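Work through the exercises below with the sequence and the coordinates at hand. Each task is followed by a solution that goes step by step.

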Amino acid sequence: MAGRNLVGPEADALDLGAVFRALADEHRRSVLTELAADRSDSERGCNSFDLPISKQTQTHHFRVLREAGLIDEIDYGNRKGIRLRRADIEKRFPGLLTLLEAEPPGGTAPR
């Protein structure tokens with residue numbers, strides 16, 4: 001069954017402020033860190049992430065990531081898939097994903 005792609009901004013329209021606001025939340029940052037570490041860039045189900053939050057809150061977080069242009073969401077009706085927009089992120093913000101991959105688990109960098 002083909003899904004409907006829920007579209008975020010074009011690569012050239014990615015806004016650094018929107019990206020930083022999206023990444024300011026530890027749950028959204030952990031999702032992006034997991035996606036960045038998977039070099040296959042395969043589609044994942046929204047429930048494949050170990051997030052200690054309600055399904056409604058997860059839906060909100062994935063929408064924020066999509067609207068910031070960091071992920072694509074594919075709506076299959078009864079479920080959604082997500083995929084990292086690696087090429088677009090690297091084109092607009094080179095090195096951002098490398099920084100996220102270097103972040104220690106738990107979302108806090110050493111001081």
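Two strands count as paired if DSSP finds at least two bridges between them, and the strands themselves are DSSP runs of E with at least two residues, numbered from the N terminus. The model examined here is a predicted one.

**Exercise 1. The sheet**

Task: Establish in which order the strands of the open sheet are arranged, and which strands lie at its edges.

Solution. Begin with the overall arrangement: 4 strands form an open sheet in the order 1-3-4-2, and their pairing is antiparallel. The edge strands, each of which pairs on one side only, are strand 1 (4-6) and strand 2 (44-45).

Next, follow the individual pairs. Strand 1 is joined to strand 3 by 3 bridges in the antiparallel sense, and Asn 5 has Ile 74 of strand 3 as its bridge partner. Strand 3 is in turn linked to strand 4 (residues 80-84) by 5 bridges, again antiparallel; here Ile 74 stands opposite Gly 81, while Glu 73 has Ile 82 as its partner in strand 4.

Finally, look at the connection between strand 3 and strand 4: their hairpin has 4 residues between the strands, and Gly 77 takes a positive phi near 95° in it.

**Exercise 2. Helices on the sheet**

Task: Determine which strands are touched by helix 2 and which by helix 3, and how many residues of strand 3 are buried.

Solution. Starting from the pairing of strand 3 with strand 4 over 5 bridges, consider helix 2, which packs on the sheet and touches strand 2, strand 3 and strand 4, its direction making about 65° with that of strand 4. Helix 3 also packs on the sheet, but touches strand 1, strand 3 and strand 4, and its direction makes about 125° with that of strand 3. As for strand 3, this strand is mostly covered, with 4 of its 5 residues buried.

**Exercise 3. Two helix residues**

Task: Decide whether His 27 is buried or exposed, do likewise for Arg 66, and list the contacts of each beyond its neighbours within four places in sequence.

Solution. His 27 belongs to helix 2 (residues 26-37). Its relative accessible area is 18%, and because the cut-off for a buried residue is under 20%, His 27 counts as buried. Beyond its sequence neighbours, His 27 is in contact with Leu 51, Pro 52, Ile 53 and His 61.

Arg 66 lies in helix 3 and, with a relative accessible area of 13%, is likewise buried. Its contacts outside the neighbouring stretch are Leu 6, Val 7, Gly 8, Pro 9, Ile 71 and Glu 73. Arg 66 and Val 19, although 47 residues apart in sequence, are separated by 10.0 Å from C-alpha to C-alpha.

**Exercise 4. The largest pocket**

Task: Describe the volume of the largest pocket and the residues that line it.

Solution. The volume is about 310 Å³. The lining consists of 13 residues, of which Cys 46, Lys 55, Thr 59, Arg 79 and Lys 80 lie nearest the centre of the pocket. Two elements, helix 3 (55-67) and strand 3 (71-75), give two or more residues to this lining, and the largest share, 4 residues, comes from helix 3. Sorted by class, the lining has 2 nonpolar, 6 polar and 5 charged residues.

How values were computed. Residues numbered from 1 in each chain as written. Predicted model: local features only at pLDDT ≥ 70, side-chain atom pairs only at ≥ 80, totals over all residues. Heavy atoms only, no water. 1 Å grid on protein atoms, 1.4 Å probe; cavity = no way out; pocket = protein on both sides within 12 Å on 5 of 7 lines; lining within 4 Å. Points joined across faces, edges and corners; volume = space filled by probe spheres on them. Nonpolar A, V, L, I, M, F, W, Y, C, P; charged D, E, K, R; others polar. Buried < 20%, exposed > 50% of the residue type's maximum accessible area, 1.4 Å probe, protein only. Contact = heavy atoms within 4.5 Å. Axes fitted to C-alpha atoms, helices over the stretch in contact; angles between N-to-C directions.
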